[in-house]
Amino acid sequence: MKKEVMLVTGAGQISMAITRRVGFGKKIIFGDKKKENAETIAKIMNNAGFDVVPMEMDLSSRESILALIAEGQKYGEIKMLVNGAGVSPSQAPIEAILKVDLYGTAVLLEEVGKVIAEGGVGVTISSQSGWRMPALTAEQDEQLATTPTEELLSLPMLQPENIRDTLHAYQMAKRCNEKRVMAQSVKWGERGARLNDIAPGIIVTPLAIDEFNGPRGDFYKNMFAKCPAGRPGTADEVANVAELLMGPAGAFITGSTILIDGGATASYFYGPLKPEKN
Ligand SMILES: NC(=O)c1ccc[n+]([C@@H]2O[C@H](COP(=O)([O-])OP(=O)(O)OC[C@H]3O[C@@H](n4cnc5c(N)ncnc54)[C@H](O)[C@@H]3O)[C@@H](O)[C@H]2O)c1
């Protein structure tokens, strides 16, 4: 029997929480660079009644993205996409962050946008980190939104002399995710499909734990201690937002980024997290 298909990248906590919320009844293809991560999640979810196929895939490779889509199409129409793969500033060098988080996400949204079924929905995960960076120029925003995917990494603003460190690379990648979602949502709309973005604050997952133990660990711990919520978030709370965006109650929402950060960004601009001027 043909089933509606859900593609998921990144077999991490955020992807799993969203998939548990919206993936019932679907054939779910779970891709991760570390196949064992995909297999671990497939085992947990298949034991809970879901229908998950684990797959090795690399978000930074168009070929690998096309293989994920082709695997899904063996089972039916692609109806859902969750892009939860990514590397954080403490996990990878600048080039890898730009290749995975910026370029890979752009290619995935483009390629799935060519095949998404009518009524289909997608979410990608950016980050509140992109919201702390000052505004770019209108021209730079447009370049991030619309530059052909194969030319993205050649943009002057993404060259090594213009990227300070891995955090800056991550912020540029996540800003690009938001702009790409806006531009791609227009194309997805032509097929009767919707595409949105979630920008989480600190969510306790292996990726965040690497940040707590990395060079910016104190900064992150201070951030959640001093944000209005006073704690880090959970992947299940991100799934609450995804459920809205991907379900019928979100039918009028497309091309949007929803910030879910316990108020950390608000505090960064207007509260105790505001950086001191020197
Ligand atoms: N956890 C947080 O605090 C937080 C905050 C903001 C944004 N995010 C974003 O959420 C997304 C998911 O992160 P998470 O916290 O669930 O992390 P996680 O560590 O639980 O999962 C991330 C998964 O992505 C996989 N991955 C890494 N590179 C890949 C590649 N090239 N191709 C395919 N898979 C790859 C990893 O192997 C891992 O299984 C990331 O994009 C991250 O930047 C996380």
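Here are four short exercises, each with a worked solution, on the sheet, the helices and the ligand shell of this structure.

The model is predicted: local features need pLDDT of at least 70, side-chain atom pairs count only at pLDDT 80 or more, and totals for chains, interfaces and linings use all residues. Residues are numbered from 1 along each chain as its sequence is written.

**Exercise 1. The sheet**

Find the order of the strands in the open sheet, and say which strands stand at the edges.

*Solution.* Begin with the terms: helices (H or I, at least four residues) and strands (E, at least two) are DSSP runs, numbered from the N terminus. Two strands pair if DSSP finds at least two bridges between them.

- Step 1: read across the seven strands, which run β3-β2-β1-β4-β5-β6-β7 with parallel pairing.
- Step 2: look at the ends, where β3 (51–56) and β7 (257–260) each have a single partner strand, so one side of each lacks a neighbour in the sheet.
- Step 3: follow the twist, which averages 20° from one strand to the next. Angles run from 0 to 180 degrees between N-to-C directions, and axes are lines fitted to C-alpha atoms, for helices over the stretch in contact.
- Step 4: pick one pair, β1 (residues 5–9) and β4 (residues 78–83), joined in the parallel sense over five bridges. Here V8 has V82 in β4 as its bridge partner.

**Exercise 2. Helices α1 and α10**

Describe how α1 and α10 cross, and which residues make the contact.

*Solution.* Take the geometry, then the residues.

- Step 1: the axes of α1 (residues 13–22) and α10 (residues 235–246) come within 8 Å and cross at roughly 50°.
- Step 2: angles under 35 degrees count as roughly parallel, over 145 as roughly antiparallel, 65 to 115 as roughly perpendicular and the rest as oblique. The two helices are therefore oblique to each other.
- Step 3: on the α1 side the contact uses Q13, I14, A17, I18, R21 and V22, and on the α10 side A235, D236, V238, A239, A242, E243 and M246. Residues are in contact if their C-beta atoms, placed from the backbone, lie within 7 Å.
- Step 4: by class, this contact has nine nonpolar, one polar and three charged residues. Ala, Val, Leu, Ile, Met, Phe, Trp, Tyr, Cys and Pro count as nonpolar, Asp, Glu, Lys and Arg as charged, and the others, Gly among them, as polar.

**Exercise 3. Helix α4 and its neighbours**

Work out how α4 is oriented to α3 and to α7.

*Solution.* Treat one pair at a time.

- Step 1: α3 (residues 62–73) and α4 (residues 94–113) have axes that come within 10 Å and cross at roughly 40°, and they are therefore oblique.
- Step 2: in this contact R62, I65, L66 and I69 of α3 meet V107, L108, E111 and V112 of α4.
- Step 3: the axes of α4 and α7 come within 9 Å and cross at roughly 5°, so this pair is roughly parallel.

**Exercise 4. The ligand shell**

How many residues surround the ligand, and which are the closest?

*Solution.* A residue is near a molecule if its C-beta atom, placed from the backbone, lies within 6 Å of it.

- Step 1: the shell holds 29 residues, and G10, G12, G86, T205 and L207 are the closest.
- Step 2: α1 and α8 (206–212) are the elements that give two or more residues, and α8 has the largest share, three residues.
- Step 3: the shell divides into 14 nonpolar, eleven polar and four charged residues.

Definitions and conventions:
Two residues are in contact if their C-beta atoms, placed from the backbone, lie within 7 Å.
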